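Trainee: I would like to take a close look at a single part of this model, and I would be glad of one connected account of it.

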There are 2 protein chains.
Amino acid sequence: MQTIAEDDGAVVILDQTRLPQETAFVRLATLADAAHAIRVMQVRGAPLIGATAAYGVALGLAEGILLETILATLGATRPTAVNLHWALDRMERVLQKSSLASVAKERRELAWSEARAIAHEDAAANAAIGQHGLAILRPLAEQKKPIQLMTHCNAGWLATVAHGTALAPIYAAQTAGLAVHVWVSETRPRNQGLLTAWELAQAGVPHTFIVDNAAGLLMMQGKVDAVIVGADRIAANGDTANKVGTYLKALAAKAHGVPFYVAAPISTIDFACPDGAHIPIEERAAEEVGVGATAAANPAFDVTPVNLIAGIITERGVVAADNLASVMP
Amino acid sequence: MQTIAEDDGAVVILDQTRLPQETAFVRLATLADAAHAIRVMQVRGAPLIGATAAYGVALGLAEGILLETILATLGATRPTAVNLHWALDRMERVLQKSSLASVAKERRELAWSEARAIAHEDAAANAAIGQHGLAILRPLAEQKKPIQLMTHCNAGWLATVAHGTALAPIYAAQTAGLAVHVWVSETRPRNQGLLTAWELAQAGVPHTFIVDNAAGLLMMQGKVDAVIVGADRIAANGDTANKVGTYLKALAAKAHGVPFYVAAPISTIDFACPDGAHIPIEERAAEEVGVGATAAANPAFDVTPVNLIAGIITERGVVAADNLASVMP
């Protein structure tokens, strides 16, 4: 239940384009491998993209590629998830600091060690998110059995190095013996809901698959007690970019008094981005939508405004979405 | 561009389960054929379901089946679209009135004639809806070129006997030389957006296909000037049941000041149904959602509350959704 691991100077990932039909691993041996894996979504989910990019820097340095080239290559893979840039900035800072004093070999080792630290910290942050989210779910569990949760896309362990973000509190609740049931939305066009259903089935968490369109009706019918989603980039004011369709669920949650939570490590908060209007929204290939004759638009993310968000579940606790300064590093 | 036609004592329909890949016709010769066509969605769309049911009564009587049996069989095919019951009630009223005086042959002819009238009236009502909707679009066209419209599911000529409901104003605008562009949403799980894209392509109306999840982002980005959808049942208070996912679009439209219109003939208004909570929501087979291992829920409709609706475009003009009594027959 870990998505990425080192393997003798290379990195092994679980190929998420082949899940859930097939559990296949891919070995990333070069910078190009890492960039490709991010671009074609063999790895996906903002935290995992960040960790993969960090390892990509180590792979590129081992090939003798210039750091600037490495950073530019990986930075251009996908535009919305800020963890990518966060990880690259962190690698750059550490490596630049060291470059004056150290020889190439030491620098390469430093890159591996920093990438490893990023991966370990992500897993630890998500474990903490699980516990802080559990504290939200416990009082709900006293009123409702099971607690009816809804999520969107996949923000489980597959989207991170380990544990997941939005699913971490759900796994923690399951472990703590709380009765939960999860509405899993398909998440067109890439159907990441299948990944979430696969994860939940593996963990024995009761769940029901729905098309994205059904979310509003279920909330109107009182069948949803809380929504928890992940995030690809949270602006400084709390506006949150996540997989396209998230915003529609947030609107429906607001209309029916259902609390809408975002679960994300602090590395997903872009303190340099003032608000949602400044978050770049990736437009992916029309072919993903799957119509031949007709033109298609395929924005991969949307922005949920801060006023629809009940709280951000971070590794440092649940914070109000309009008070992110309190967790600024 | 007509979905249903008489053919020598039988009825011929366009098989909508095979569109847009294949244009195939199905001959309905018996009551069972008609009930099957409605149930498996060879015909779909509330007005067309109504017309098909009316012809189904004529087919059943020609077989010598008891009227009560015919009405019960057709009435049980699909629960949400009220046009089904409206058409059956109308057939029953006309036939019961006549039954005392007329012989079986005359009664059968009366059934054909009334079914024919229902079909003709639907086509005429939708043509009028097109003109009344055009009156809404004209002022928009003076401000924006093209007018950006969004629809959901298919409420074109395929969903009716002819002309369509939600698409009727769009066709009328195209004919009147207004520049329009339509965002066509996929409409999972049955993908009726493909039918809408096919219709619009045939008519030369510019359009772009999107996944259902993208609707909120497009409205936030100011790329939608109005939403027009059809309806399966409008309660007396204006709450409107339509294809699942409609409600999410209505919420997003409200959030961004985009007018949200429902286009429907008066036969879609259920004056006996007080509000949306009393509209039965069809739950269809989980297999339609297309996941094997995991449980799935598949509600086919949702309810858009009256306060989200800018107006109902009927054959008698555009009426406020909270003032339906003004068009009560």
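Which strands of chain A does helix α5 (residues 104-143) lie across?

Mentor: A word on conventions comes before the answer: this is a predicted model, in which local features need pLDDT of at least 70 and side-chain atom pairs count only at pLDDT 80 or more, while totals for chains, interfaces and linings use all residues. Residues are numbered from 1 along each chain as its sequence is written, chains are lettered from A and ligands numbered from 1 in the order in which they are written, and side-chain values use heavy atoms, with hydrogens and water left out.

Helix α5 of chain A lies across β4 (147-151), β7 (226-229), β10 (260-263), β13 and β14 of chain A, and runs at about 130° to β13(A). Helices (H or I, at least four residues) and strands (E, at least two) are DSSP runs, numbered from the N terminus, and contact means heavy atoms within 4.5 Å. Axes are lines fitted to C-alpha atoms, for helices over the stretch in contact, and angles run from 0 to 180 degrees between N-to-C directions. Helix α6 (residues 168-175) of chain A also packs on the sheet, where it touches β4, β5 (180-185) and β7 of chain A, and its direction makes about 155° with that of β5(A).

As for the helix itself, α5(A) has 40 residues and reaches 60 Å from its first C-alpha to its last, which is close to the 58 Å expected at 1.5 Å a residue, the expected span being 1.5 Å times one less than the number of residues. At Ile136(A), α5(A) bends by about 30°, and a proline, Pro139(A), follows within four residues; the bend is the angle between axes fitted to the seven residues ending at a residue and the seven starting there.

The sheet beneath this description is open, with seven strands in the order β6-β5-β4-β7-β10-β13-β14 (chain A) and mixed pairing, where two strands pair if DSSP finds at least two bridges between them. Its edge strands are β6 (207-210) and β14 (317-319) of chain A, each of which pairs on one side only, and the twist averages 25° from one strand to the next. Strand β13 (residues 311-314) of chain A is joined to β14(A) by three bridges, the two running antiparallel, and within that pair Thr314(A) stands opposite Gly317(A) of β14(A).
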